[in-house]
Amino acid sequence: MRAPYGSRPLAPAALAVRGAALLLALVALSRTLVHGLAEPGLALVFGLLVAAGELIRRDAVGEREPAPLAAAGALGYALLGESAGRPTAHGALQVIAVVVVAQALAALPRMARGRRTDADRAARRTLTVGFAAVCCQPLYHSGQAERWFGDGPFFPLFPLAVLALTALGDAVLAALLAGSAARAGGAGGLPPYGSLLADEVRAQAGTGVAIGATAAVTALGVAVAGPWAPAALCGPLLLTQVSVRRYAAVRTTCRQTMASLARSTEIAGYTPPGHARRVAALATAVGRELGLTGPRLAVLEHAALMHDIGQLSLLDPVAGGATALLPAAEQRRIALLGGAVVRRTGAGPEVAAVVERQADPYREQPLAARIVRTVNAYDDLRGESVGGPLGALEQLRLGTGHDHQPQVVEALGRVLARGGLTPAGAG
């Protein structure tokens with residue numbers, strides 16, 4: 001049976017994560033309803049903090065944690081062992097119940113405005129906050145944490161260690177869900193799990209550090225000053241959130257500019273429709289296959305988008321836009337002209353260098369330029385009479401002596417094998 005228009009079948013991993021989060025939430029809510037809230041004032045403060053963080057979040061494509069204030073509040077409540085010098089009485093299940101209810105209440109006005117809810121992210125938060133709470137609350141209530149770590153300078157190392165393990169667990173879940181979503185959506189060139197996990201772990205070194213630090217400081221502040229500490233301690237994270245959003249907006253604008261420039265060769269008739277987008281998507285998948293992550297992967301994607309911009313300098317378009325079939329000297333001339341254009345766009349010297357060197361012999365190229373050269377040649381060749389995708393891949397293998405690095409060609413083959421051989425001209 002076909003899924004309804006606009007929907008996507010859930011992958012087994014997503015079903016498992018959502019199912020585990022739902023079961024944990026039901027157990028936590030049932031227990032809290034039966035036994036009541038311990039210290040309702042604290043529960044209200046942290047619940048409002050989580051709800052407020054969810055309400056002010058922005059739905060941004062590619063933003064791994066759009067609600068850092070909510071994440072910090074939830075983790076702070078999970079780490080909390082004292083309030084104003086007195087031991088707290090809430091347990092791990094109450095922490096989960098408060099976070100689940102706060103997220104649900106914050107989702108209601110968003111749903112009323114027709115904005116979507118991210119069930120996977122909510123499930124991840126439920127599970128990761130539950131993990132942190134289970135690690136901390138039993139040790140606090142039994143007094144074991146104080147016996148093990150004392151009440152001196154080493155005591156903060158305990159919540160920091162829990163936060164590090166929680167961040168790692170969240171990265172594992174996020175990578176698992178990302179890979180499963182791509183497979184459920186039928187995406188070609190699926191990245192290996194190791195590359196996705198490396199991306200998520202790298203992301204934790206950015207906003208994740210600010211979230212963890214705010215959670216730890218909030219818990220320690222409440223332990224000393226009482227339940228009003230979060231109002232003062234979460235201000236820096238709000239400023240960080242604003243800064244990250246502005247930076248993300250600049251990056252989005254830059255990428256849109258590069259995508260528009262890449263389409264200019266198609267509009268002018270120099271390249272086939274969708275060529276730049278196909279090369280960028282496939283080059284990114286090959287880059288992940290070869291272990292590129294973070295900024296290096298972004299440079300590769302941007303260079304692949306703009307790799308044909310030098311063709312605008314030609315008096316007559318190349319037949320079919322297939323620069324891979326031109327003489328080597330002409331390929332290098334077009335690449336140098338393209339690099340000169342890219343340097344004027346603000347895309348960065350690293351992107352321009354990849355565009356400039358995409359036509360060099362592969363032994364003289366950086367890895368990103370080798371990938372762009374090979375993937376561009378594949379997309380050019382599969383549209384020619386060389387036997388379709390399989391024939392194009394075989395042609396690339398025959399050129400591994402000089403034109404294409406064997407490891408890049410084999411990585412391309414693995415990506416195509418996982419994602420299927422897309423018909424030539426698919427846009």
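Trainee: How many disulfides does the structure hold, and how do you know?
Mentor: Zero. A disulfide is a pair of cysteine sulfur atoms within 2.5 Å. The sulfur of Cys135 has its closest cysteine sulfur in Cys136, 6.3 Å away, so the pair is too far apart for a bond. Cys136 is likewise in no disulfide, with the sulfur of Cys135 as its nearest at 6.3 Å.

Trainee: What should I keep in mind about the model?
Mentor: It is predicted: local features need pLDDT of at least 70, side-chain atom pairs count only at pLDDT 80 or more, and totals for chains, interfaces and linings use all residues. Residues are numbered from 1 along each chain as its sequence is written, and side-chain values use heavy atoms, with hydrogens and water left out.

Trainee: Is Cys136 called buried or exposed, and what makes it so?
Mentor: Buried means under 20% relative accessible area, exposed over 50%, and partly exposed in between (1.4 Å probe, protein chains only). Cys136 has 0%, so it is buried. Cys135 has 22%, so it counts as partly exposed.

Trainee: What share of the protein chain is buried?
Mentor: Buried residues make up 47% of its 427 residues. The accessible surface, from the Shrake-Rupley method with a 1.4 Å probe and, for residues, only the protein chains shown as cover, comes to about 20300 Å². Carbon and sulfur atoms hold 64% of that area.

Trainee: How many helices and strands does the chain have, and what makes a run count?
Mentor: It has 18 helices and two strands. They are DSSP runs: H or I over at least four residues for a helix, E over at least two for a strand, numbered from the N terminus. Strand 1 (82-83) and strand 2 (86-87) have a loop between them, where Ala84 lies.

Trainee: What makes Ala84 stand out?
Mentor: Its phi is positive, about 55 degrees, although it is not a glycine. Most residues other than glycine have a negative phi. Ala84 has a relative accessible area of 35%, which makes it partly exposed. Glu39 also has a positive phi, about 50 degrees, and is not a glycine. Glu39 is in the loop between helix 1 and helix 2 (40-55). Its relative accessible area is 26%, so Glu39 is partly exposed.

Trainee: Where is Val129, and which residues does it touch?
Mentor: Val129 is in helix 5. Contact means heavy atoms within 4.5 Å. Leaving aside neighbours within four places in sequence, Val129 contacts Ala74, Leu75, Ala78, Val95 and Val99. Leu79 is 50 residues from Val129 in sequence, yet their C-alpha atoms are 9.3 Å apart.

Trainee: Why is Val129 called buried?
Mentor: Its relative accessible area is 2%, under the 20% limit, so Val129 is buried.

Trainee: What share of the chain's contacts is between residues 24 or more positions apart?
Mentor: Those residues account for 72% of the contacts with a separation of 6 or more.

Trainee: What makes an empty space a cavity, and how many of 30 Å³ or more are there?
Mentor: On a 1 Å grid over the protein atoms alone, a cavity is a set of points where a 1.4 Å probe fits but cannot get out. Grid points are joined across faces, edges and corners, and the volume is the space filled by probe spheres set on them. The structure holds two cavities of 30 Å³ or more. The largest has about 40 Å³.

Trainee: Which residues line the largest cavity?
Mentor: Lining residues have an atom within 4 Å of a point. Among them are Ala262, Thr265, His275, Met306 and Asp308. Helix 11 (235-267) and helix 12 (275-289) each supply at least two lining residues.

Trainee: How do the linings of the two cavities divide by class?
Mentor: Ala, Val, Leu, Ile, Met, Phe, Trp, Tyr, Cys and Pro count as nonpolar, Asp, Glu, Lys and Arg as charged, and the others, Gly among them, as polar. The largest cavity has five nonpolar, four polar and one charged. The second largest, about 30 Å³, has three nonpolar, one polar and four charged. Its lining includes Arg332, Asp360, Arg373 and Asp403.

Trainee: What makes a space a pocket instead?
Mentor: A pocket is an open set with protein on both sides within 12 Å along at least five of seven lines. The second largest pocket holds about 460 Å³. It is lined by 22 residues, with Gln103, Ala119, Ala122, Ala123 and Thr126 nearest its centre. Helix 4 gives the largest share, seven residues.
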